[in-house]
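Colleague: I'm new to reading structures, and the vocabulary keeps tripping me up. Could we go through some of the terms together?

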Amino acid sequence: MNISTLDELFDRATKTTQIIKNKDVLRHDYLPPKLPHREEQIHYLGEIVAPVLKRDRCSNVFIYGKTGTGKTAVAKYVLSRLYERAQSLGVPFQICYVNCRLAGTEYRILASVCSALNVKVPFTGLAVGEIFDRFKVALDKEASLLIVVLDEIDELVKARGDMLLYELTRINESLSRSKVSLVGISNDLMFKDLLDPRVLSSLSEEEIVFRPYNAAELYDILFERCSIAFFEQALPEGAVNLCAALAAAEHGDARRALDMLRVAGELAEREAAAEITEEHIRSAEKRIEHDRIIDAMKNLTPHSKLVLVSVYLLNKENISSAITGDIYEIYQELCELTTYTALTQRRVSGLISELDIIGLLNSRIVSMGRYGRTKKIKLNVSRALISKVFSEDEPFRCLIDYSPKCLAKEGSRQS
Ligand code: ADP
Ligand code: MG
């Protein structure tokens, strides 16, 4: 082998791992300079917050739409532009962005609002009312406008109720020199039903809905991002198209589409492939879905876990599709074993519907002729995966090998 062929070989070897150029732009918190297909929402939010530049309080806004539809990105984009403009005009104005899911508690949310005003709050220890008072005093001293962005607010309200929101929506009544506006963002479209009507009416002085992206829109979003994230030769158009189509078929989630690209890029690099192929994208999709299912299972509430294990045990006895009553019988036995107090059959039926939405169970209505209709419920994940996840989950571990008494009594039912 002469020197020049060796050089070529080495060239090729370095080229083949040249897939990802800039991983940072594929991170969830990267804020792109352009947000295609959200011009309307950007414009609308801009209109709503613009009064700040005339030193007026702007209306509260409630933004909602499914995950990955660009809500966080649009809110951050518009508000950072507003902030820059307010600075150059000398308007006293501040923004506090809090992700309520990550903050977790009212205390931590208020602590981050305070830190935006440079008010120090100990990590724990104060009463929530006390922090709230410190926050009001500090804010009124500054004679300023403040926009508080409460992202993923649905998570806070589901876990802890709407008390904090109620207090925040009324805060202007007790301020004399400063004014607060709220931007609430929810991934859950049904969130409004959880709010007290008074809270809802003041939070949603304005409302913006973010619809899911379609495949063509996702393609544009990915295309913009790919040109910064990947080397030009590394990502053929077909792969981007497939990624957009898969994410659009799911629910138009741009985050999922970007995750798919990132994981596919990592797979291609690991294999030292020359480019990302459609196979890489499909493997990435599988991997992401697999991780999502495992996460979903781990994060279920205890009662949902018991319901899922009940269906698992039926499946193990060759009963591949069951009615709610059968599942409920086993669920009650499992509650006894684990010393949980059994919920009513109606509540369990609700949990089954939730497990169906997450994709862990699959239920469908079948017609029984003149006996009416009934719901047949099946496992939608492999038994092996369930037993793997629960074998690491202490109170539920022993249930995986349990033989339900009610099944032993009746002999093995087949369906
Ligand atoms: P949401 O808050 O609605 O769940 P995000 O704003 O976090 O969604 O968006 C998810 C990901 O997709 C982020 O990485 C974001 O940068 C990207 N994204 C969403 N919409 C667009 C868009 N129109 N243009 C470019 N990137 C987008
Ligand atoms: Mg978000």
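What follows is a chat about why certain words get used for this structure.

Modeller: Before we start: this is a predicted model, where local features need pLDDT of at least 70, side-chain atom pairs count only at pLDDT 80 or more, and totals for chains, interfaces and linings use all residues. Residues are numbered from 1 along each chain as its sequence is written, chains are lettered from A and ligands numbered from 1 in the order in which they are written, and side-chain values use heavy atoms, with hydrogens and water left out.

Colleague: Okay, helix 12 then. How do you know that its span agrees with its 17 residues?

Modeller: Helices are DSSP runs of H or I with at least four residues, strands are runs of E with at least two, and both are numbered from the N terminus. The expected span is 1.5 Å times one less than the number of residues. For residues 254-270 that gives 24 Å, and the end C-alpha atoms are 24 Å apart, so the two agree.

Colleague: What makes helix 12 "mostly covered"?

Modeller: Buried means under 20% relative accessible area, exposed means over 50%, and partly exposed is in between (1.4 Å probe, protein chains only). In helix 12, 12 of the 17 residues are buried, among them Leu 258, Met 260 and Leu 267. The cover includes helix 10 (215-229), helix 11 (237-250) and helix 13 (278-298).

Colleague: What makes Asp 253 a cap for helix 12?

Modeller: A polar contact is a pair of N or O atoms within 3.5 Å; within protein, one must be able to donate a hydrogen and the other to accept it, and residues adjacent in sequence count only if both atoms are side-chain atoms. At the N-terminal end of the helix, a side-chain oxygen of Asp 253 lies 2.8 Å from the backbone nitrogen of Arg 255.

Colleague: Why is the pair Asp 259 and Arg 262 called a salt bridge?

Modeller: The term asks for a side-chain nitrogen of Lys or Arg within 4 Å of a carboxyl oxygen of Asp or Glu. Here the closest N and O atoms are 3.4 Å apart, so the pair passes. Both residues sit in helix 12, three residues apart, about one turn of the helix. Asp 259 has 12% relative accessibility, so it's buried, while Arg 262 has 23% and therefore counts as partly exposed. Salt bridges with shared partners link Lys 23, Asp 259, Arg 262 and Glu 266 in one network.

Colleague: How many salt bridges turn up in the whole structure?

Modeller: The search finds 19. One of them joins Asp 188 to Lys 158, with the closest N and O atoms 2.8 Å apart. Asp 188 is in the loop between strand 4 (179-186) and helix 9 (197-203), and Lys 158 is in helix 7 (residues 153-160), so the pair ties together parts that are 30 residues apart in sequence. Arg 198 and Asp 196 also meet in a salt bridge, at 3.2 Å from N to O.

Colleague: And why is Arg 198 called exposed or buried?

Modeller: Its relative accessibility is 52%, so Arg 198 counts as exposed. Its partner Asp 196 has 25%, so that one is partly exposed.

Colleague: What makes Asn 118 and Thr 339 worth a second look?

Modeller: Most residues other than glycine have a negative phi. Asn 118, however, has a positive phi near 60°, and Thr 339 has one near 55°. Asn 118 lies in the loop between helix 5 (106-116) and helix 6 (128-142), and its 66% relative accessibility makes it exposed. Thr 339 is in the loop between helix 15 (324-338) and helix 16 (345-358), and at 69% Thr 339 is exposed.

Colleague: Is Asn 172 buried or exposed, and how do you know?

Modeller: Its relative accessible area is 17%, so Asn 172 is buried. Leaving aside neighbours within four places in sequence, Asn 172 is in contact (heavy atoms within 4.5 Å) with Arg 57, Ser 178, Lys 179 and Val 180.

Colleague: Last one: which polar atoms of the protein lie close to ligand 1?

Modeller: A side-chain N or O atom of Tyr 213 is 2.6 Å from a nitrogen atom of ligand 1. A backbone N or O atom of Ala 73 is 2.8 Å from a ligand oxygen, and a polar backbone atom of Gly 70 is 3.1 Å from an oxygen of ligand 1. Taken alone, ligand 1 exposes 550 Å², and the protein buries 96% of that (areas by the Shrake-Rupley method with a 1.4 Å probe; for residues, only the protein chains shown count as cover).
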